[in-house]
Amino acid sequence: MKNTIVHPQDPYLHYVQAELLVWLLKVKKPPGILSRVSHGVQGKINSWIPEKVHRAITLAIENMVKAVLTGSGWILPKVQDLISLKEREGRVRNRIKWYRNTASAEGAVTGAGGILLGLADFPAFLTIKMKMLFDIAALYGVDAKDYQERLFLLYLFQLSFSSQKRRNELIGLIENWDSFREDLPKDLGKFDWKTFQLDYRDYIDLAKLAQLVPIIGAPVGAIANYKLTEQLGEYAMNAYRLRLLGSGSGI
């Protein structure tokens, strides 16, 4: 991130600051009635799903996320070029677009395959989203081999796919990462996996359950994956902007 050229009078910097401010206001807004109702509906739907399905999805999520933290094959080299913020973010947007289209195609295929392929979409889609985060980190010049940076990706992922109430709790952590990172869990076993899994599942279940329905599964899967991937890309860009520009950037 130190290799990014940021000129105080750059028109693009002003655009980034304005976009970042709008994003922060959205993330920090209080939970609305719709959010509270959706949470209640989610609880009802969860009670209808067989426990063995819950266990399978939970295990897939936990194993996949742990693989992200311990694996190194997904990590791209950092972008070392001394380039402008606009050029760097142009590269980031291109990667988000590629992953968004890939996720949409994957959702259409698994959605067209009925319940069995629909369930297979959960780990496959999770892999796509995590890989995108690793790529975005590298494009912003972040060394994702660092254990703390991998935890940052977890908290960023959680921020993107959680209730509004939970987002209110997590955004302060993202804004003050340099202070918080010193208190990070030193052991993966101490990370709050249960909350992470529940936040993720409760958020995406409403968007993804219709993917299991015959006939409409394919278009629903394509649209849901498209929008969820795009949202994660938006959250990732703004989270790294916060770290790049810092509290003294006028935000």
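The exercises below work through the fold, two helix pairs and four residues of a predicted model.

Residues are numbered from 1 along each chain as its sequence is written, and side-chain values use heavy atoms, with hydrogens and water left out. Because the model is predicted, local features need pLDDT of at least 70 and side-chain atom pairs count only at pLDDT 80 or more, while totals for chains, interfaces and linings use all residues.

**Exercise 1. Describe the chain as a whole.**

Step 1. The secondary structure comes to 10 helices and 2 strands; helices (H or I, at least four residues) and strands (E, at least two) are DSSP runs, numbered from the N terminus.

Step 2. In sequence order the pattern is β-α-α-α-β-α-α-α-α-α-α-α.

Step 3. Of the 251 residues in the chain, 48% are buried. Buried means under 20% relative accessible area, exposed over 50%, and partly exposed in between (1.4 Å probe, protein chains only).

Step 4. Take the contacts (heavy atoms within 4.5 Å) between residues at least 6 apart in sequence: 83% of them join residues at least 24 apart.

**Exercise 2. Work out how α6 and α7 are arranged.**

Step 1. Two packed helices are described by the angle between their axes and the distance between the axes. Axes are lines fitted to C-alpha atoms, for helices over the stretch in contact, and angles run from 0 to 180 degrees between N-to-C directions.

Step 2. Helix α6 (residues 147-160) and helix α7 (residues 164-175) have axes that come within 9 Å and cross at roughly 150°.

Step 3. That angle makes α6 roughly antiparallel to α7. Angles under 35 degrees count as roughly parallel, over 145 as roughly antiparallel, 65 to 115 as roughly perpendicular and the rest as oblique.

Step 4. The contact residues include Phe152, Tyr155 and Leu156 of α6, and Leu170, Ile171 and Ile174 of α7.

Step 5. By class, the residues of this contact divide into 8 nonpolar, 2 polar and 2 charged. Ala, Val, Leu, Ile, Met, Phe, Trp, Tyr, Cys and Pro count as nonpolar, Asp, Glu, Lys and Arg as charged, and the others, Gly among them, as polar.

**Exercise 3. Do the same for α1 and α7.**

Step 1. The axes of helix α1 (residues 11-28) and α7 come within 8 Å and cross at roughly 135°.

Step 2. α1 is therefore oblique to α7.

Step 3. Trp23, Leu24, Lys26, Val27 and Lys28 of α1 meet Gln164, Arg167, Asn168, Ile171 and Glu175 of α7.

Step 4. This contact has 4 nonpolar, 2 polar and 4 charged residues.

**Exercise 4. Place Lys129 and Gln231: buried or exposed, and in contact with which residues?**

Step 1. Lys129 lies in helix α5 (residues 114-139) and is buried, at a relative accessible area of 0%.

Step 2. Beyond four places in sequence, Lys129 touches Phe157, Phe161, Tyr200 and Leu232.

Step 3. The side chains of Lys129 and Tyr200 make a polar contact (2.7 Å). A polar contact is a pair of N or O atoms within 3.5 Å; within protein, one must be able to donate a hydrogen and the other to accept it, and residues adjacent in sequence count only if both atoms are side-chain atoms.

Step 4. Gln231 lies in helix α10 (residues 217-245) and counts as buried at 19% relative accessibility.

Step 5. With neighbours within four places in sequence left aside, Gln231 is in contact with Ser160, Phe161, Arg167 and Tyr203.

**Exercise 5. Place Pro123 and Lys66.**

Step 1. Pro123 lies in helix α5 and is partly exposed, at 25% relative accessible area. Pro123 touches Ala60 and Met64, not counting residues up to four places away in sequence.

Step 2. Lys66 lies in helix α3 (residues 51-70) and is partly exposed, at 32%. Lys66 and Leu188 are 122 residues apart in sequence and 8.2 Å apart in space, C-alpha to C-alpha.
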